[in-house]
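Me: I have a sequence and a model to go through. Let me ask some short questions, and please keep the reasoning brief.

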Amino acid sequence: MKKTTAKKIVVLLLLAVFAATATGAWFYFRDRDKRLLRELVTELEDMSAKRQGRSNALALLDAATPERVFAKEVEIISDHPAMKRTMKVKELGQLMLAMKKSCTSTQLDISIDTITVNGESATVSGNALFSGSSSRGGSFREARNLELECAKNAGKWKIVRIKAYSIIRK
Amino acid sequence: MFKWWSKIVAAHRSDDDTEQGKVIEFFFPQLKMGFFLRMLIVAAVSLLVFGVFLMPCVIDGESMMPTYDDHGLTFCKRWSYWFSRPERGDIVIINYAPRVYLLKRIVALEGDTVEFRNGTLLINGKKVDEPYVRYMSNWNLKPRTVAAGNCYVVGDNRSQHINEHIFGQIQLKRITGKPLF
């Protein structure tokens, strides 16, 4: 292959990669609300995580301000009857703290399938995998279909309703 | 690093057409435009093949034994259901959660009634012959109908306790593909 031809191909390939990246970035960032909602989900993941070896105090601090993510009242709807209820944000924070205390590590992974924005409300749908290891030994891994209903208040998105259903039903 | 590399290339490079020369050239190619172009093409093709068409999967679990052993490796043919619909008996890879996939067998489709009686699978009230199930089972599950847009998946290893085995109704849209082998 001639040097000039090779150079042309490399330049063309680089241009193609650049164009694809730019298009992807444009699609990703064009909608401010969707970007904010993705950030909200990331914040929820961070808040729920407790890395192995991280001290209890620091891990608890991560979950100490649930109002960053949740509205004042959050409705939880699940196929588990015990989890079907409305919780105050402080109550939810305490539940998260208690969960972190009883685990040596926790991790929440959410993969977003769709984000639907309708004015001041939005729905984020996807899958969630909550995994970790208990202080008493043993590990857990729970997957759920997840739907987060969010509301915009003073320019900030907050979760108002969590719907979590089993992905596979016997 | 480039200096070090260039030294090796320079030391061995010449018009060395011997076997040794070819081997050295294979492991220490000259870092020319052509080399980087080949690397770029190999990387792009790999990304396309293994990212879009053939997803590599490591089997972690015994639910499909003896058909698939624990710690095995396979690839997911993602194009399997692009132009066709899943059928009873198909082994499928299911998107279960972020970065977690399930390897299961479809035993029933939408509208079918599924039941287990003393380890025997009954579809629409009729006993199903399952030559791939080799281990004894004592599962009992009351009849249930598969909802529209769903299918019913079960692993081949029914010797596991019914509560420990992940199986049941799942949305068809979660099926990612079939295992390659």
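Me: Where is N118(B) placed?
Reply: Two strands of chain B flank N118(B): β5 (113–117) and β6 (120–123). Strands here are DSSP runs (E, at least two residues) and helices are too (H or I, at least four), numbered from the N terminus. N118(B) sits in the loop between β5 and β6.

Me: What kind of model is this, and which pLDDT do local features need?
Reply: Residues are numbered from 1 along each chain as its sequence is written; chains are lettered from A and ligands numbered from 1, in the order in which they are written. Side-chain values use heavy atoms, leaving out hydrogens and water, and the model is predicted: totals for chains, interfaces and linings use all residues, side-chain atom pairs count only at pLDDT 80 or more, and local features need pLDDT of at least 70.

Me: Is N118(B) buried or exposed?
Reply: Buried means under 20% relative accessible area, exposed over 50%, and partly exposed in between (1.4 Å probe, protein chains only). The relative accessible area of N118(B) is 58%. Therefore N118(B) is exposed.

Me: What is the phi of N118(B)?
Reply: Most residues other than glycine have a negative phi. N118(B) is not a glycine, yet its phi is positive. The value is about 50°.

Me: What is the phi of R99(B)?
Reply: R99(B) lies in the loop between β3 (91–97) and β4 (100–109) of chain B. R99(B) is exposed, at 65% relative accessibility. Its phi is positive, in a residue other than glycine. It is near 65°.

Me: Which residue does a cis peptide bond join to M65(B)?
Reply: Most peptide bonds are trans. The bond here has an omega of about 0°. The partner is in the loop between β1 (54–58) and β2 (73–77) of chain B. It is P66(B).

Me: How many disulfides are there over all chains?
Reply: A disulfide needs a pair of cysteine sulfur atoms within 2.5 Å. The closest cysteine sulfur to that of C76(B) belongs to C57(B), at 5.3 Å, too far for a bond. For C151(B), the closest is that of C76(B), at 14 Å, again too far. The count over all chains is zero.

Me: What relative accessible area does C151(B) have?
Reply: C76(B) is buried, with a value of 0%. C151(B) is buried as well, and its relative accessible area is 0%.

Me: Which backbone oxygen does the side chain of Q169(B) reach?
Reply: Q169(B) is in strand β10 (residues 168–171) of chain B. It counts as buried, at 6% relative accessibility. Its side chain reaches the oxygen at 3.5 Å. That oxygen belongs to T145(B).

Me: Which chain A residues does Q169(B) touch?
Reply: Contact means heavy atoms within 4.5 Å. Residues up to four places away in sequence are not counted. In chain B, Q169(B) touches residues including V146(B), N150(B) and C151(B). In chain A, the residues are I167(A), I168(A) and R169(A).

Me: What relative accessible area does I167(A) have?
Reply: I167(A) is in the segment after β6 (156–166) of chain A. Among its contacts are N127(A), A143(A), Y96(B) and Q169(B). I167(A) is buried, with a relative accessible area of 4%.

Me: Why do the buried residues of α4(A) share a side?
Reply: α4(A) runs over residues 89–101; its 13 residues should span 18 Å at 1.5 Å a residue (times one less than the number of residues), and its end C-alpha atoms are 18 Å apart. V89(A), L92(A), G93(A), M96(A) and K100(A) are buried. They are on the same side because, judged by directions from the helix axis to the C-beta atoms, they cover an arc of only 100°.

Me: Which exposed residues are on the face of α4(A) turned away from its buried side?
Reply: An α-helix has 3.6 residues a turn, so residues three or four places apart point the same way. The face turned away from the buried side of α4(A) carries K90(A), Q94(A) and K101(A).

Notes:
A polar contact is a pair of N or O atoms within 3.5 Å; within protein, one must be able to donate a hydrogen and the other to accept it, and residues adjacent in sequence count only if both atoms are side-chain atoms.
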